[in-house]
Amino acid sequence: MSGTTADRRTGRTRRTRYALCGLSNRGLSLFALPLLGLDATGTRRAEPSELTEVSEHGELVAILDVDAERVRAFGDLTSTNVPYYAPAEFDRMVDEVDPDVVLVTSPDATHAIYAIAALRRDRDVITEKPMAASCAQVREMLAAERASRGSIRVAHNLRYTERNRQLKRMLLDGAVGRVTSVELTWSVDTYHGSSYFHRWNRERRISGGLSIHKACHHFDMVNWLVGDVPQQVFAYGALNYYGPNSPHRPDPDSAADPDLVGPRRGCPYHQRWLADGDVPEDDHLKPRTGLGGLPYTVQYPPGTRNWIYDEAIDIEDTYSAVVRYRSGASLSYSVLFSGGWEGYRLAINGTHGRLETCSIDFRDGKGETPESGQIVHYPMFEPARRHDVAGGEGGHGGADPLIRHDLLLGPSKESLDLRIPADSREGALAVAMGEAVWRSVADNRPYLIDELLDETART
C-alpha cells in the first residue's frame, strides 16, 4: 500500500484513508498523531519532517473506540474533529467514511474482531502485534484474508531497530554460515514488568498472556533473523513474582484493602513506580491517563484499582522454552518480568561462527552498558571482530519512524532487501509460538506449530 490510492467512486488519486480501531497509546503515537502531522504533544511542527510526509500521503478519517470520553479528549488535544464510532458501528463507519485501510491498535483479544470485519468489506488491515490473542482467532483471520481482496500486515517493530537490521545484514552475508542454534535471554525489569499486572494484560482472555502479548515480539525477531519456520515448542513457566502468592506482597492482614496507603507503601513495586513519578498516591481515585493525558475512563473506571497481587491474575511471569525449527536449528529462550535490568542477551551460532549482542539498560540512572553498543562476531577460525551499533532516532530505538514509513508509505529498498515487512503468516507464527509456550506449561508436553494453526502456516 503506497501513500496514495485511487478513489473507489471516482477513480481519482487521493490520500490513503485510514480508520483507527482502538485509541490506545500505541495507536496514538504510531498512527493517529502522525497522520494528523502532530508530535506526541499534539503540536504541529513548522519544519518538514517524517510526520509531515505521513500526513501529506494519508489521512485519519475515523476513530472507533469503546471510550467516547477518551476520543473527545483526543479532539481537544489535537484541535480536530475526526468522526467517532462505537465498536458496534464498524459497518456504518465503513459506509460513511470509506477507509482504504483499517488500523487495529485495540486490546489484543479484539484485533480479530476488527480485522475480520475489515476483510469482509475488502479493506486492507494493519494490526499491532500480536496479530491476535489466540490461535483460534488467528485461524479465523487467515480464513477471512483468503476470502478477501484485502490483506493483513502486522506491526512487528523489533525488526526495525538498527541493531537487528545490522544483524540481519551480517546473517545474509554469511557471517555464521548455516544457523544451528540461537540463545535469547530477556529481562523485563521491576518497573516495566510489574506494569503488565495492573493493566488488562494480566488476563489471558484479553492478552493471551505474556507469552503472546510480549514474547511474540521476541519470537518474531528470531524467526525473521534466522529466516526459518518454527516447528515445535516445549516450555516451563510459572507465576513467581505477582499474584496472591507473591513473596513481595505486603502482610495480608494489613493489606486487606490494597488501596490503603500503608500497605501500598510496603509494596516494593509501588515504591519503584513512585520513584519514577508515574503513580501518584491517590491513583485509584483519579481517571488513569496515558499519552497526552487522555483518560481511560471506561477501561479503568475511577474508584477501582488493579493490584499486582490480585486473585484475577491468571498468567505466568516467567518462562523457559526450547523451539525446534524446520531446518533443524533450535532456540533456547527465557524471559522474566521482574528483572534487575531491562533488555536482552542474544547469541546466534552457525556452522562458521557466532554473533553476540545485548541491549541492557539499568533504570537507575546508569543507562545502557557499554557492551550494548556492539555486535561481536566470532568467526570459527579467526579472531573476534567488534562492530559498533549506531543509535536510532524515534520511539523503540529508532524503529517507529521506519515501520510507520513502511506501513503507511510503502516499504523502503532496505526493508525489501532485508525482508523486514511482516505479513499475516509471520504474525500467525509468532502468536502460535506464544500459545505453544503457555499450553506446554499447562500440559507438560511439546506442541507442534501446525497442531495449533491447523497447517495454515505451512509454506
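# Close-up views of a predicted model

Among contacts in the protein between residues at least 6 apart in sequence, 70% join residues at least 24 apart. The model shown here is predicted. The protein has 17 helices and 18 strands. Of its 459 residues, 55% count as buried. The legends below take the views one by one.

**View 1. An aromatic pair, Tyr196 with Phe337, joins distant parts of the chain.** Nine aromatic pairs turn up in a search of the whole structure. Tyr196 and Phe337 form one that is edge-to-face. Their ring centres lie 5.8 Å apart, and the planes meet at 90 degrees. Tyr196 belongs to the loop between helix H8 (190–195) and helix H9 (204–207). Phe337 belongs to strand S11 (residues 330–339). Along the chain, 141 residues separate the two. Are these two residues, Tyr196 and Phe337, buried or exposed? Both are buried.

**View 2. Ser195 lies in helix H8.** With a relative accessibility of 13%, Ser195 falls under the 20% limit and therefore counts as buried. A polar atom of the Ser195 side chain lies 2.5 Å from the backbone oxygen of His192. Phe337 appears in this view too. The C-alpha atoms of Ser195 and Phe337 are separated by 9.5 Å. Along the chain, the two residues are 142 apart.

**View 3. Tyr296 pairs with Tyr300 and also sits under a charge from Arg70.** The pair of Tyr296 and Tyr300 is edge-to-face. Its centres are 5.8 Å apart, with 80 degrees between the planes. Why does Tyr296 count as buried? Its relative accessibility is 13%, and the limit is 20%, so Tyr296 counts as buried. Tyr300 is buried as well, with a relative accessible area of 9%. The charged end of Arg70 sits over the Tyr296 ring, 4.0 Å from the ring centre.

**View 4. Helix H3 (residues 68–78) has several buried residues.** Arg70, the residue over the Tyr296 ring, is one of them. Val71, Ala73, Phe74, Gly75 and Thr78 of H3 are buried too. What covers the buried residues of H3? The cover includes helix H1 (25–35), strand S3 (58–64) and strand S4 (84–85). At the start of H3, a side-chain oxygen of Asp67 comes to within 3.1 Å of the backbone nitrogen of Glu69. Ser79 follows H3. The phi of Ser79 is positive, near 55 degrees.

**View 5. Four aromatic residues form a cluster through ring pairs.** The members are Phe197, Tyr241, Tyr242 and Tyr269. A further ring, that of Trp438, can be viewed alongside Arg204. The charged end of Arg204 sits over the Trp438 ring, 4.4 Å from its centre.

**View 6. Asp310 makes a polar contact with Arg202.** Asp310 lies in the loop between helix H13 (268–275) and strand S10 (318–325). Its relative accessible area is 17%, under the 20% limit, so Asp310 is buried. The polar contact joins the side chains of Asp310 and Arg202, at 2.9 Å. Which residues does Asp310 touch, not counting residues up to four places away in sequence? They are Arg202, Gly243, Pro244 and Arg305.

**View 7. Ser148 occupies a loop between helix H6 (135–146) and strand S7 (152–155).** Ser148 is buried, with a relative accessible area of 15%. A polar atom of the Ser148 side chain lies 2.8 Å from the backbone nitrogen of Gly150. Leaving aside neighbours within four places in sequence, Ser148 is in contact with Leu119 and Asp122.

**View 8. The second largest pocket holds about 380 Å³ of space.** Its lining has 22 residues. Asn223, Trp224, Val226, Gly227 and Asp228 lie nearest the pocket centre. Helix H7 (162–172), helix H11 (215–226) and helix H16 (424–443) each supply at least two residues of the lining. Which helix gives the most to the lining of the second largest pocket? H11 does, with five residues.

Terms used:
Residues numbered from 1 in each chain as written. Heavy atoms only, no water. Phe/Tyr/Trp six-rings, centres within 6.5 Å; stacked < 30°, edge-to-face > 60°. Helix = DSSP H or I, 4+ residues; strand = E, 2+ residues; numbered from the N terminus. Buried < 20%, exposed > 50% of the residue type's maximum accessible area, 1.4 Å probe, protein only. Lys NZ or Arg CZ within 6 Å of the ring centre and 35° of its normal. Polar contact = N/O pair within 3.5 Å; in protein donor to acceptor, adjacent residues only side chain to side chain. Contact = heavy atoms within 4.5 Å. 1 Å grid on protein atoms, 1.4 Å probe; cavity = no way out; pocket = protein on both sides within 12 Å on 5 of 7 lines; lining within 4 Å. Points joined across faces, edges and corners; volume = space filled by probe spheres on them.
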